[in-house]
Amino acid sequence: MAAQNAPSREWWKEAVVYQIYPASFLDSNGDGLGDLRGIISKLDYIKSVGADTIWLSPIFKSPQKDMGYDVADYRDIHEPYGTLQDAEALITACHARGLRVLFDLVVNHTSDQHAWFRESRSARTSPKRDWYLWRDPKTGPDGARRPPNNWASIFGGSAWTWDEPTGQYYLSLFLPSQPDLNWACADMRAAAHADMAFWLDRGVDGFRIDSMNLMSKHPDLPDAPVTDPGREFQSGDLYFASGPRMHEYIREMRREVFDKYSSGGRRVMTVGELGFTKDEGSVAEYVGRARGELDMVFTGDVVDMDFGAGHKYERDDFRVAKLRDITARWQAAIPACDGWNAVYMDNHDSGRSLSRYASDDPRYRAAAAKMLATYLGSVSGTLFLLQGQEIGMANVPASWGMEEYVDVEAKNYYDAVRKVRGEGADMGDVLREMRLKARDNGRLPMQWSAEENAGFSRGGRPWMRVNDDFREWNVEKQEVDPDSVLAYWREVLELRKREFDVFTYGRFKMLDVEGTSEDVFAYTMTSPDGRKKALILLNFSDTEQPFSGRGFEGWRRLLGSNVAVEVGKDGVRLGAYEGVIFCNWLLN
């Protein structure tokens, strides 16, 4: 096979990024909320897992109406998390261990408590009035005041919030307490750039950019097409996602901020959250190397695989074919534009992939968690894992009622459905979907030990309930078990770093083998020079599955323990939720 030009090696391509949800990681002072000192105390553990970069969900000063994604001051720290000095100490402690640090850059909106917005709403003549999106009301057929357009908020209701003192609405695509910034305002952009530089000056190595492609809206803010006649407000993503100046704003951000801190061996890493935009051509415009915009994006489709057609909490069960299609699409499309992939299945906005796409049944849970680790560790791109993923943390149990859920998105949806159905209506179908997909699942307190509160908090009541299974599933127990999920993740990440040419930089090819079950995902990864090849087999079912192995006879097992040492003439038989890697470079 002809060799392919190898992608250029970069630290951010080879990074293993460990996402930390600060409120839920470790409480060092007993107030029930995780904090920066708790994170610092566990940096050696994170490094031992095999990660070399951490990504912190927002730690900035915030009223916490949306768990920190409502920022009141980008240059200060949410007081229960610590101080600015603690944040600087965290960055220093990470760098001393060879760990890099990514911050969450929330720049589509601020909190309504931010000084910018307070000044903006103080009067129509405020110098910062156009730092946000203000519009006059419309008048309905009945003479009543109506929002400027029919856009629905992402969290339910109208996307517009009325401000009585100034007699206008402001755009708030998420909560009313999260007003959208007006990126068309040059002064506002300059102020946002200065806040980014503030943290780069303190040593931050890059940013995950929240709701990145919502910064540019259609300037006319027109009504959205009516796609759901049963609802008063409609999705306006056609006009608020990836708008006409989006690429201009990203290139300016790169030119005015990121590139200025990428010299002398330093390189700022950027990954954008790309909502509502999943087609290959649009994604390529953000990540194509020649474009000079972002290093990579989260398209979100891998965490949407069981979303309903009309809403996240409608039912559409996971099928392996979806994962095959998504993987094949991006493993081919991103290299074609000389871009780079982000590899992930879990984050703070999703349910746990183990419970949604594999199995948290005690009979299969460990095998299923290892199988997903095999998948994530074997495809090309930068690998991201969420705290607790390395020990097989699962979603909340089905026994939990709605009163245990904390997240505003889930609670708003539940209340809206109950209002339509009426008090006393059966809500079991909604709770089933929340048990799978609610954001609370990815935000459960970290399970460190079998002690009270899973070792997350000593003395304080955790801000949200710890999962019931913490006595069986925790770091302390898995640290001494060589067959644990944690031990396997360490093996996966060590292999990924050792054989980086095959897995991080390799070429993906999906296999469609006649006679193989629909529950088996089979593919190969090949090094750019064509010399090394790996065969990856993943069984997403609870029954044994055969794989013919034709063309792979004699390939030796590289990772996995429950199947044959090599592929025989009759192939191999995969155990329930088995994941295994064979390769051609260990041949006798």
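## Helix α10, Asn341 and two groups of strands

In helix α10 of this predicted model, the buried residues are Val320, Lys322, Leu323, Arg324, Ile326, Thr327, Trp330, Gln331, Ala333 and Ile334. These buried residues pack against two helices, α9 (280–287) and α12 (365–378), and against two strands, β16 (507–510) and β17 (520–526). The helix has 17 residues and spans 25 Å from its first C-alpha to its last, which is close to the 24 Å expected at 1.5 Å a residue. Just after α10, Asp338 takes a positive phi of about 60°.

The loop between α10 (320–336) and β14 (342–343) also holds Asn341. With a relative accessible area of 10%, Asn341 falls under the 20% limit and is therefore buried. Leaving aside residues up to four places away in sequence, Asn341 touches Met296, Trp330, Gln331, Ile334, Pro335, Ser380, Gly381 and Thr382. Trp330, itself one of the buried residues of α10, offers its backbone oxygen to this neighbour, as the side chain of Asn341 reaches that oxygen at 2.9 Å. Asn341 and Trp55, by contrast, are 286 residues apart in sequence and lie 17 Å apart in space, C-alpha to C-alpha.

Elsewhere in the chain, strand β22 (residues 579–583) is mostly covered, with five of its five residues buried. In a regular strand the side chains alternate between the two faces of the sheet. On one side of β22 are Gly579, Ile581 and Cys583, on the other Val580 and Phe582, and both faces are covered. Strand β22 pairs with β18 (residues 533–539) in the antiparallel sense over five bridges, and three bridges join β22 to β20 (residues 556–559), again antiparallel. Phe582 in β22 stands opposite Leu535 and also opposite Arg557.

A further group of strands forms an open sheet of three, in the order β6-β10-β9, with antiparallel pairing. Strands β6 (134–135) and β9 (160–163) stand at the edges, each with a single partner strand, so one side of each is left without a neighbour in the sheet. Between β6 and β10 (residues 168–171) there are two bridges, and Arg135 stands opposite Tyr169 in β10.

The antiparallel pairs with a stated number of bridges are set out here.

| Strand pair | Sense | Bridges |
|---|---|---|
| β18 (residues 533–539) and β22 | antiparallel | five bridges |
| β20 (residues 556–559) and β22 | antiparallel | three bridges |
| β6 and β10 (residues 168–171) | antiparallel | two bridges |

Note on methods. Residues are numbered from 1 along each chain as its sequence is written. This is a predicted model: local features need pLDDT of at least 70, side-chain atom pairs count only at pLDDT 80 or more; totals for chains, interfaces and linings use all residues. Side-chain values use heavy atoms; hydrogens and water are left out. Buried means under 20% relative accessible area, exposed over 50%, partly exposed in between (1.4 Å probe, protein chains only). Helices (H or I, at least four residues) and strands (E, at least two) are DSSP runs, numbered from the N terminus. Two strands pair if DSSP finds at least two bridges between them. Contact means heavy atoms within 4.5 Å. A polar contact is a pair of N or O atoms within 3.5 Å; within protein, one must be able to donate a hydrogen and the other to accept it, and residues adjacent in sequence count only if both atoms are side-chain atoms. The expected span of a helix is 1.5 Å times one less than its number of residues.
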